[in-house]
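Student: I'm new to this one and would like a close look at a single part. Could you pick a strand, walk me through its surroundings, and then show me what else catches the eye?

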Amino acid sequence: MRGKKVNGKKKGSKFELDIAKQIAATIKEPYGTMVRRTPGSGSLLCRSDLWVHASVRHKFNWFLELKKRENIRLEHLFKENNYLTKWYQDSKEKLDIDPEYDPMTTPTGLVFCKNNMAPFILMSVQDFNDTDAAEKYPTNALKIYFSDERRDYIVLDWALFLKIYEVTP
């Protein structure tokens, strides 16, 4: 007997919704009005998978692409032409044409995971160093560094990364 077939589009939409709600809770802003999943996964005017209202971007100013796929493997990071860096590059290109975000001041990240796995975020080392992330991310936490012909990258635990932006009362 085969397992229950999963609708990949629904799985991806739920992942985007979960991440958007995590960000909203972290920065203490309401989901739906100040932070939300972008309908159509960034295929409309806003190209990011998630949207943060301009008035609260000082709390979380990241342009994010989100991917949840069963075939994601961390070892692919070290292969030439891997799909993770391709997705990241796609998000950089979307940022350049998104009217909501300034590509000169907005860092880009790829939040990814597979089923039953905690998410990670992939970003450029430059974005990591140019934001609060470098000084606030736990020094003893997992960091995976790698490079391709375009840039140097870092992969971080999503939950620990998100804690950097936690708004405390």
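Tutor: Sure. Keep in mind that this is a predicted model. Let's take strand β5, residues 120-124, and work outwards from there.

Start with how covered β5 is: five of its five residues are buried. In a regular strand, side chains alternate between the two faces of the sheet. Look at β5 with that in mind: F120, L122 and S124 are on one side, I121 and M123 are on the other, and all of them are buried. Both faces of the strand are covered, then.

Now for the partners of β5. With β4 it pairs in the antiparallel sense, over four bridges, and V111 stands opposite I121 there. Strand β7, residues 152-157, is also antiparallel to β5 and is joined to it by five bridges. In that pairing I121 stands opposite L156. Put the two together and you'll see I121 facing V111 in one pairing and L156 in the other.

Follow the chain between β4 and β5 and you come to the turn of a hairpin, with six residues between the two strands. N116 is in that turn. Its phi is positive, about 60 degrees, although N116 is not a glycine. Is N116 buried or exposed? With 86% relative accessibility, N116 counts as exposed, whereas the five residues of β5 are buried.

K28 makes a nice companion to N116. K28 isn't a glycine either, and its phi is positive at about 55 degrees. You'll find K28 in the loop between α1 (8-26) and β1 (35-37). Its relative accessible area is 49%, so K28 is partly exposed; the cut-off for exposed is over 50%.

Next, the aromatic rings. The count comes to 11 aromatic pairs. Take F63 and Y101: their ring centres are 5.4 Å apart and their planes stand at 85 degrees, so this pair is edge-to-face. F63 belongs to strand β3 (residues 63-68), while Y101 sits in the loop between α2 (83-97) and β4 (108-113), so the pair ties together parts 38 residues apart in sequence. Both rings belong to buried residues: F63 has 0% relative accessibility and Y101 has a relative accessible area of 4%. F128 and Y137 make another edge-to-face pair, because their planes are at 80 degrees, with the ring centres 6.5 Å apart. F128 and Y137 are buried too. Elsewhere, ring pairs link F60, W62, W158, F161 and Y165 into a cluster.

Y101 has a charged neighbour as well: the charged end of R57 sits over its ring, 3.9 Å from the centre. You can find a similar arrangement at Y31, where the charged end of K21 sits over the ring, 5.7 Å from its centre.

Y101 turns up once more, this time beside a cavity. A search of the whole structure finds one cavity of 30 Å³ or more, and the largest cavity holds about 30 Å³ of space. Y101 is among the residues lining it, along with I23, S48, L50, W51, V52, F60, W62 and L64. Notice F60 and W62 there, which you've already met in the ring cluster. Which strand gives the most to the lining? That's β2 (residues 50-52), with three residues. By type, the lining residues divide into eight nonpolar, one polar and no charged.

Conventions
Residues numbered from 1 in each chain as written. Predicted model: local features only at pLDDT ≥ 70, side-chain atom pairs only at ≥ 80, totals over all residues. Heavy atoms only, no water. Phe/Tyr/Trp six-rings, centres within 6.5 Å; stacked < 30°, edge-to-face > 60°. Buried < 20%, exposed > 50% of the residue type's maximum accessible area, 1.4 Å probe, protein only. Lys NZ or Arg CZ within 6 Å of the ring centre and 35° of its normal. Pairing = 2+ DSSP bridges. 1 Å grid on protein atoms, 1.4 Å probe; cavity = no way out; pocket = protein on both sides within 12 Å on 5 of 7 lines; lining within 4 Å. Points joined across faces, edges and corners; volume = space filled by probe spheres on them. Nonpolar A, V, L, I, M, F, W, Y, C, P; charged D, E, K, R; others polar.
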